[in-house]
Amino acid sequence: MNFEGKLERAGYKLPDRRKGNQRPFEDGIQTSQLIFVSGNAAKIDGVLKYKGIVGDTVSLEQAQDAAKIAFVNCLAAVKYMTGSLDHIKKIVNIKGYVASTPDFIEQPEIMNEVSFLVNEIFGEAGKHSRAALGTASLPGGTPVEVEIVVEV
């Protein structure tokens, strides 16, 4: 089974990427065999699924769900750029930014859920380095933003 099929079997569907991007940056940039995907939020059909601060108005479980959705949105950028997730040879790096209260210290627990999903879908090609960073706020009120680097 291909990577996109495994993703769908896990309960996730890649969103369509909009053409004619009017933003001052790209969804991702490829250099040599690496694609650097810009930060993505947990948007479904262009709308944030969750809004707020983890440890205040957003629960740990909601943040974990948001992180997985944001990761899937990153994969959609890779598919848009390459035509298929099956071009991915390696998930190289994942960074998760978590808007959280000063006393919230479970950012790694949020990103662990992304790592579990990556390993389930990509197997050996999913072994990656990772960072889970806390921040006071994120754009648009998203509680989690994820960016990835993949080798194709």
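Which residue follows α2, and is its phi positive or negative? Glycine 83 comes right after the helix, and its phi is positive, near 95°. Everything shown here comes from a predicted model.

**View 1. Helix α2 and the glycine after it.** Helix α2 takes in residues 60-82, 23 residues in total. From first C-alpha to last, α2 reaches 33 Å, close to the 33 Å expected at 1.5 Å a residue. Look just past the helix for glycine 83, with that positive phi near 95°.

**View 2. A salt bridge between lysine 13 and glutamate 8.** This is a pair from the model's count of 6 salt bridges. Here the closest N and O atoms sit 4.0 Å apart. Lysine 13 counts as exposed because its relative accessibility, 62%, is over the 50% mark. Glutamate 8, with a relative accessible area of 39%, is partly exposed.

**View 3. Lysine 95 meets glutamate 147.** The two side chains form a salt bridge, 4.0 Å from N to O. This pair ties together distant parts of the chain: lysine 95 belongs to strand β5 (residues 90-99) and glutamate 147 to strand β7 (residues 144-151), 52 residues apart. Lysine 95 is partly exposed at 29% relative accessible area, and glutamate 147 is partly exposed too, with 23% relative accessibility.

**View 4. Lysine 127 with glutamate 124.** Zoom in on these side chains and you'll find a salt bridge at 3.3 Å, N to O. Lysine 127 has 48% relative accessibility, so it falls in the partly exposed class, short of the over-50% cut-off for exposed. Glutamate 124 does count as exposed, with a relative accessible area of 58%.

Note on methods:
Residues are numbered from 1 along each chain as its sequence is written. This is a predicted model: local features need pLDDT of at least 70, side-chain atom pairs count only at pLDDT 80 or more; totals for chains, interfaces and linings use all residues. Side-chain values use heavy atoms; hydrogens and water are left out. Helices (H or I, at least four residues) and strands (E, at least two) are DSSP runs, numbered from the N terminus. The expected span of a helix is 1.5 Å times one less than its number of residues. Buried means under 20% relative accessible area, exposed over 50%, partly exposed in between (1.4 Å probe, protein chains only).
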